[in-house]
Amino acid sequence: MKQAQIPQELTRFFWDTKVGELDVQAHKMFILERLLEEGNSGAVRWILNEFSPEDIENVIRTSRRIRLKTALFWKNRLGITKSILCMQKPSTLTPAEPWRR
């Protein structure tokens, strides 16, 4: 069986990675995190064809790299009812007030 590869049109989302060395199944957490956050409609189509809803839900629920906006979109799209990590922690994207450091 041929190993799935990231389509050429999606390689631009992996600017810091040697795409040829990525194994879609072995590195699915990394690939899904990157494409869910940075991808476009083509990336979403590929994700939905390549990965199961359970794979996507697992990343949405457990990743610390998924933003709240992304998590809420996929929570609604997939009907996720379990807790989502990024909804339980403060955002690391918003700097803390200097007087509270």
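# Four helices, a pocket and some ring pairs

From the N terminus on, the elements of this chain run α-α-α-α, and as we go through them please keep in mind that what we are looking at is a predicted model. Counting them up, there are four helices and zero strands in the chain. Of the 101 residues in the chain, buried residues make up 30%. If we take the contacts in the chain with a separation of 6 or more, residues 24 or more positions apart account for 40% of them.

Let me turn to the aromatic rings, where the structure holds three aromatic pairs, and I will show you two of these. In one of them, phenylalanine 14 and phenylalanine 30 form a tilted pair, with 5.8 Å from centre to centre and 55 degrees between the planes. Which parts of the chain does this pair tie together? Phenylalanine 14 lies in the segment before H1, whereas phenylalanine 30 lies in helix H1, so the pair ties together parts that are 16 residues apart in sequence. As for their surroundings, phenylalanine 14 is buried, with a relative accessible area of 2%, while phenylalanine 30, at 27% relative accessibility, counts as partly exposed.

Another pair is made by tryptophan 46 and phenylalanine 51, and this one is edge-to-face, at 5.7 Å centre to centre with 85 degrees between the planes. Are these two residues buried or exposed? Both tryptophan 46 and phenylalanine 51 are buried. While we are on the subject of rings, please also find tryptophan 15, because arginine 34 lies over the face of its ring, at 4.4 Å from the ring centre.

Now I would like to move to the second largest pocket, which has a volume of about 170 Å³. Which helices supply at least two residues each to its lining? They are helix H1, spanning 28-38, helix H2, spanning 41-50, and helix H4, spanning 68-78. If we sort the lining of this pocket by class, we find six nonpolar, three polar and three charged residues. Among the residues that line the pocket are Leu35, Leu36, Val44, Ile47, Phe73 and Trp74, and the lining also includes Glu37, Glu38, Gly39, Asn40, Lys69 and Thr70.

Two of these lining residues, Glu37 and Gly39, deserve a slower look. Glutamate 37 lies in helix H1, and at 16% relative accessibility it counts as buried. What does glutamate 37 touch, not counting residues up to four places away in sequence? The residues in question are Arg65, Ile66, Arg67 and Thr70, and Thr70 is itself part of the pocket lining.

Glycine 39, in turn, lies in the loop between H1 and H2, and at 29% relative accessibility it counts as partly exposed. Leaving aside its neighbours within four places in sequence, glycine 39 is in contact with Phe13 and Arg34, and you will remember arginine 34 as the residue that lies over the face of tryptophan 15. Glycine 39 and phenylalanine 13 are 26 residues apart along the chain, and yet their C-alpha atoms are separated by 6.7 Å.

Before I stop, let me point out some further places where parts of the chain separated in sequence can be compared in space. Proline 53 is found in helix H3, which covers residues 53-62, and at 47% relative accessibility this proline counts as partly exposed. The C-alpha atoms of proline 53 and leucine 78 are separated by 7.1 Å, although the two residues are 25 residues apart along the chain.

Glycine 79 has its place in the segment after H4, and it is partly exposed, with a relative accessible area of 47%. Measuring nothing by eye but taking the computed value, we find glycine 79 and glutamate 57 at 9.3 Å from C-alpha to C-alpha, with their positions 22 residues apart in sequence counted as the distance apart.

Leucine 85 is also found in the segment after H4. Which residues does leucine 85 touch, not counting those up to four places away in sequence? It touches Arg61, Thr62, Ser63 and Arg64, and its C-alpha is 9.9 Å from that of arginine 67, a residue 18 residues apart from it in sequence. Arginine 67 has come up before, as one of the residues that glutamate 37 touches.

Conventions:
Residues are numbered from 1 along each chain as its sequence is written. This is a predicted model: local features need pLDDT of at least 70, side-chain atom pairs count only at pLDDT 80 or more; totals for chains, interfaces and linings use all residues. Side-chain values use heavy atoms; hydrogens and water are left out. On a 1 Å grid over the protein atoms alone, a cavity is a set of points where a 1.4 Å probe fits but cannot get out, and a pocket is an open set with protein on both sides within 12 Å along at least five of seven lines; lining residues have an atom within 4 Å of a point. Grid points are joined across faces, edges and corners, and a volume is the space filled by probe spheres set on the points. Ala, Val, Leu, Ile, Met, Phe, Trp, Tyr, Cys and Pro count as nonpolar, Asp, Glu, Lys and Arg as charged, and the others, Gly among them, as polar. Rings of Phe, Tyr and Trp (its six-membered ring) pair if their centres lie within 6.5 Å; planes under 30 degrees apart count as stacked, over 60 as edge-to-face and the rest as tilted. Buried means under 20% relative accessible area, exposed over 50%, partly exposed in between (1.4 Å probe, protein chains only). A charge sits over a ring if NZ of Lys or CZ of Arg is within 6 Å of the ring centre and within 35 degrees of the ring normal. Contact means heavy atoms within 4.5 Å.
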